[in-house]
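Student: I would like to take a close look at a single part of this model and follow its packing step by step. Could you take me through it in one connected account?

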Amino acid sequence: MPAHPALSEVIAALDALWPRERAEQWDAVGTVCGDVPNPEARVSRVLFAVDPVREIADEAVSTGAELLVTHHPLYLRGTTTVAADTFKGRVVHTLISNGVALHVAHTNADTADPGVSDALAGALGLRVLRPLVPDATDPHGRRGLGRICELDRPLPLAEFAELAAARLPVTAQGVRAAGDRDQMVRTVAVSGGSGDGLFDAVRASGVDAYLTADLRHHPASEAREQSPLALLDAAHFATEWPWCEQAAAQLDAVAEREGWDLRTSVSRTVTDPWTAHAASLDGTGTGTSTGAAAPNERTSLSQHDFTPGAPN
């Protein structure tokens, strides 16, 4: 009968999937807490999530997970305390006191094959052609930041934005677009998470559109002035959540190959920090953009508002 794997075995599997040495130097990946050397530390259930916030720590405990894997680090910068009266310290105390380990795969998951942007492309129904910024250490040319993709058939920008909004997790922001709404889009660059630092590579790729998150005013404005490139700006959380499902499936495959009795699950809790959106109004009292909320209607959503097929 399959046995529950040791925590050390599962951590080793995660490190094989997303080697820590492939993370950016500024990043903080790997195991944050957990008694990895203890042979008695076993894992029967793993929870995947984007953010290691208190609500996710509580969910890991309530679902009986012994391991929580998140994309975002808990401690990206140095700290001098894990006191329980700080929010990050409370997360650590909650996890340790309930026997839950925490492991982070961040930029090492961004550039992996498959990586965060592969999962984003898959959620959008795009066909991946190659990395946007290839990893020079990969002889096969499959690892790297972002992905260059192709639609099965060209779509007007407005229709592609609607498709993205329908397939990504529901957030208060939704998906913003910059460009002619009737512009046809066939090739798309995607990058999960904050992506306005990749504009040079995107322009050099010659794609019709770029979908990412956290686009700032000046980089986006300059990008639009320099080329006809269409931009689509989704919520940071929404562009990275698909990786959780992909990562869970990868660990499932390892468990099946190793004969482990291990269950994975993906949190459907929306941890995007923005919770409401109010549409801008023009002089007539109507919304200025197609698909905006009705006049004076504030669209709000809790962290538990879901729609089928996503953590929405």
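Within how many Å do the axes of H5 and H9 come, and at roughly what angle do they cross?

Tutor: This is a predicted model, and what follows should be read with that in mind. The axes of H5 and H9 come within 7 Å and cross at roughly 100 degrees. Because angles from 65 to 115 degrees count as roughly perpendicular, H5 is described as roughly perpendicular to H9. H5 covers residues 116-123, while H9 covers residues 236-258.

On the H5 side the contact is made by Val116, Asp118, Ala119, Leu120 and Ala123, and these meet Thr239, Glu240, Pro242, Trp243 and Gln246 in H9. By residue class, this contact divides into six nonpolar, two polar and two charged.

Alanine 119 is a useful residue on which to centre the view of this crossing, and its place is in helix H5. With a relative accessibility of 8%, alanine 119 counts as buried, because the cut-off for that class is under 20%. Leaving out residues up to four places away in sequence, alanine 119 touches Pro242, Trp243 and Gln246, each of which is also listed on the H9 side of the helix contact. The C-alpha atoms of alanine 119 and tryptophan 243 are separated by 5.1 Å, although the two residues lie 124 residues apart along the chain.

Tryptophan 243 leads from this crossing into the nonpolar interior. The largest nonpolar core has 31 residues, and those with the most contacts inside it are Leu14, Trp18, Val46, Phe48, Leu67, Trp243 and Leu251. The elements that give two or more residues to this core are helix H1 (7-17), strand S2 (45-49), strand S3 (67-70), helix H5 and H9, and H9 gives the most, with nine residues. Apart from this core lies another, of 23 residues, including Leu124, Ala164, Ala230 and Ala238.

Further along H9, the partner to consider is H1. H1 and H9 pack at an angle of about 125 degrees, with their axes 11 Å apart. That angle makes H1 oblique to H9, whereas H5 is roughly perpendicular to H9. H1 passes H9 in a right-handed crossing. Val10, Ala13, Leu14 and Leu17 of H1 make this contact with Gln250, Leu251 and Val254 of H9, and its residues divide into six nonpolar, one polar and no charged.

Two of the residues in the contact of H1 with H9 can be followed outwards. Leucine 14, apart from its neighbours within four places in sequence, is in contact with Leu67, Val69, His103 and Leu251; of these partners, Leu67 and Leu251 are, like Leu14 itself, among the residues with the most contacts inside the largest core. Glutamine 250, found in helix H9, is buried, with a relative accessible area of 15%. Not counting residues up to four places away in sequence, glutamine 250 touches Leu17, Trp18 and Pro114.

The last of these partners brings the account back towards H5, since proline 114 is found in the loop between helix H4 (107-110) and H5. The peptide bond from aspartate 113 to proline 114 is cis, with omega near 0 degrees. Such a bond deserves remark because most peptide bonds are trans. Proline 114 thus joins the picture through its loop position before H5 and through its contact with glutamine 250.

For a contrast in helix geometry, consider H2 (residues 54-62) and H3 (residues 87-97), whose axes come within 9 Å and cross at roughly 5 degrees. That makes H2 roughly parallel to H3. Arg54, Ala57, Asp58 and Val61 in H2 meet Arg90, Val91, Thr94 and Leu95 in H3, and the residues of this contact divide into four nonpolar, one polar and three charged. In H3, the residues Gly89, Val91, Val92, Thr94 and Leu95 are buried, and what covers the buried residues of H3 includes strand S1 (30-33), H2, S3 and strand S4 (101-104). S3 also gives two or more residues to the largest core, and it is therefore an element shared between the cover of H3 and that core.

Key:
Residues are numbered from 1 along each chain as its sequence is written. This is a predicted model: local features need pLDDT of at least 70, side-chain atom pairs count only at pLDDT 80 or more; totals for chains, interfaces and linings use all residues. Side-chain values use heavy atoms; hydrogens and water are left out. Helices (H or I, at least four residues) and strands (E, at least two) are DSSP runs, numbered from the N terminus. Buried means under 20% relative accessible area, exposed over 50%, partly exposed in between (1.4 Å probe, protein chains only). Contact means heavy atoms within 4.5 Å. Axes are lines fitted to C-alpha atoms, for helices over the stretch in contact, and angles run from 0 to 180 degrees between N-to-C directions. Angles under 35 degrees count as roughly parallel, over 145 as roughly antiparallel, 65 to 115 as roughly perpendicular and the rest as oblique. Ala, Val, Leu, Ile, Met, Phe, Trp, Tyr, Cys and Pro count as nonpolar, Asp, Glu, Lys and Arg as charged, and the others, Gly among them, as polar. A nonpolar core is a set of buried Ala, Val, Leu, Ile, Met, Phe, Trp, Tyr and Cys residues joined through side-chain atoms within 4.5 Å. A crossing is left-handed if the near helix is turned anticlockwise from the far one by less than a right angle, and right-handed if clockwise.
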